[in-house]
Amino acid sequence: SLRGQAAVANSRMIFEKYKEFFESKEFVELAQNHAHIQRVLWASTGTKDQKYSDVKYVTELIAKPTVNTLPENTLNAFLDHGIVKEAFTYDAQISKAVIQDLNGFGINVDTICDELLKNGVIAFEKAFESLFESIEKKSSILARE
């Protein structure tokens, strides 16, 4: 019954921490001095498991004021049959219960998230290095011309 719920439940908990911080007395004071919020970024929210909707992680993470990056095929699918509506209208305790239930089965979401973060940073570093190498190569070609 928990299949397909971990990522969204964890995202909801992240969103709750986000709201807690940006609604805090400390941030309200900063905002009065022109500080701006940093929006939560849901990155690369394409669906990897074919058993789920191709727009699952777009639809289930729509929340103001977040940003969602998605692969082109997911964007096209969402433009075709996605529905724009606020996703986090339910009680956040439901997501907290999902995380607790997963822990009860020996699935530590924090450990999984740490590994995903590590792997994600490595992937972004490689992509950045590749981009930088491509720019260097093209600029050296232009310099020779």
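**View 1. P65 sits in a loop and follows a cis peptide bond.** In this predicted model, P65 is placed in the loop that runs between helix 3 (56–59) and strand 2 (67–68). The peptide bond leading from K64 into P65 is cis, and its omega is near -5 degrees. For anyone zooming in on this loop, the K64 to P65 bond is the feature to look for.

**View 2. K56 and E60 pair through their side chains.** A salt bridge links E60 with K56, at 3.1 Å from N to O. The two partners have unlike surroundings in terms of burial: K56 counts as buried, with 11% relative accessibility, whereas E60 is partly exposed, at a relative accessible area of 31%. K56 falls under the buried label because the cut-off is under 20% relative accessible area. This pair belongs to a total of 5 salt bridges in the structure.

**View 3. E60 makes a handy reference point for two distances.** Start at A7, which belongs to helix 1 and is partly exposed, with a relative accessible area of 40%. A7 and E60 are 53 residues apart along the chain, yet their C-alpha atoms are separated by 9.9 Å. Now turn to R144, a residue of helix 6. R144 is exposed, with 66% relative accessible area. From C-alpha to C-alpha, R144 and E60 are 51 Å apart in space, and in sequence they are 84 residues apart.

**View 4. E16 and K19 form a salt bridge along helix 1.** The closest N and O atoms of E16 and K19 are 3.4 Å apart. Why can these two residues be seen as one turn away from each other? E16 and K19 are 3 residues apart in helix 1, so about one helical turn separates them. K19 is partly exposed, at 27% relative accessibility.

**View 5. K118 and E115 are partners in helix 6.** Here the salt bridge joins K118 to E115, with 4.0 Å between the closest N and O atoms. Both residues belong to helix 6 and lie 3 residues apart, about one turn of the helix. K118 is partly exposed, with a relative accessible area of 48%, and E115 is partly exposed too, at 39%. Which residues are joined into one network by salt bridges that share partners? They are R12, E16 and K19.

**View 6. Four nonpolar residues make a surface patch.** The members of this patch are F105, I107, I112 and L116, and together they have about 420 Å² of accessible area. I112 is worth a closer look: this residue is found in helix 6 (residues 109–144). With a relative accessible area of 43%, I112 is partly exposed. Patch members need over 30% relative accessible area, so the 43% of I112 is enough on that count.

**View 7. The largest pocket draws its lining from several elements.** About 1200 Å³ of space lies in this pocket. Its lining has 29 residues, and those closest to the centre are A7, N10, A43, C113 and L116. Which elements give two or more residues to the lining? Helix 1 (6–22), strand 1 (41–42) and helix 6 do. Helix 6 gives the most, with 8 residues. Sorted by class, the lining has 19 nonpolar, 8 polar and 2 charged residues. Two residues named here appear in other views as well: A7 is the helix 1 residue of View 3, and L116 is one of the nonpolar patch members in View 6.

**View 8. H34 has a positive phi without being a glycine.** The phi of H34 is about 75 degrees. H34 lies in the loop between helix 2 (25–32) and strand 1. Is H34 buried or exposed? At 66% relative accessibility, H34 counts as exposed.

**View 9. S44 also has a positive phi and is not a glycine.** For S44, phi is about 50 degrees. The residue sits in the loop between strand 1 and helix 3. S44 is partly exposed, with a relative accessible area of 41%.

Methods:
Residues numbered from 1 in each chain as written. Predicted model: local features only at pLDDT ≥ 70, side-chain atom pairs only at ≥ 80, totals over all residues. Heavy atoms only, no water. Patch = residues over 30% accessible without salt bridge, like charges linked within 9 Å, V, L, I, M, F, W, Y side chains within 5 Å. Areas by Shrake-Rupley, 256 points an atom, 1.4 Å probe, with all protein chains shown as cover. Helix = DSSP H or I, 4+ residues; strand = E, 2+ residues; numbered from the N terminus. Buried < 20%, exposed > 50% of the residue type's maximum accessible area, 1.4 Å probe, protein only. 1 Å grid on protein atoms, 1.4 Å probe; cavity = no way out; pocket = protein on both sides within 12 Å on 5 of 7 lines; lining within 4 Å. Points joined across faces, edges and corners; volume = space filled by probe spheres on them. Nonpolar A, V, L, I, M, F, W, Y, C, P; charged D, E, K, R; others polar.
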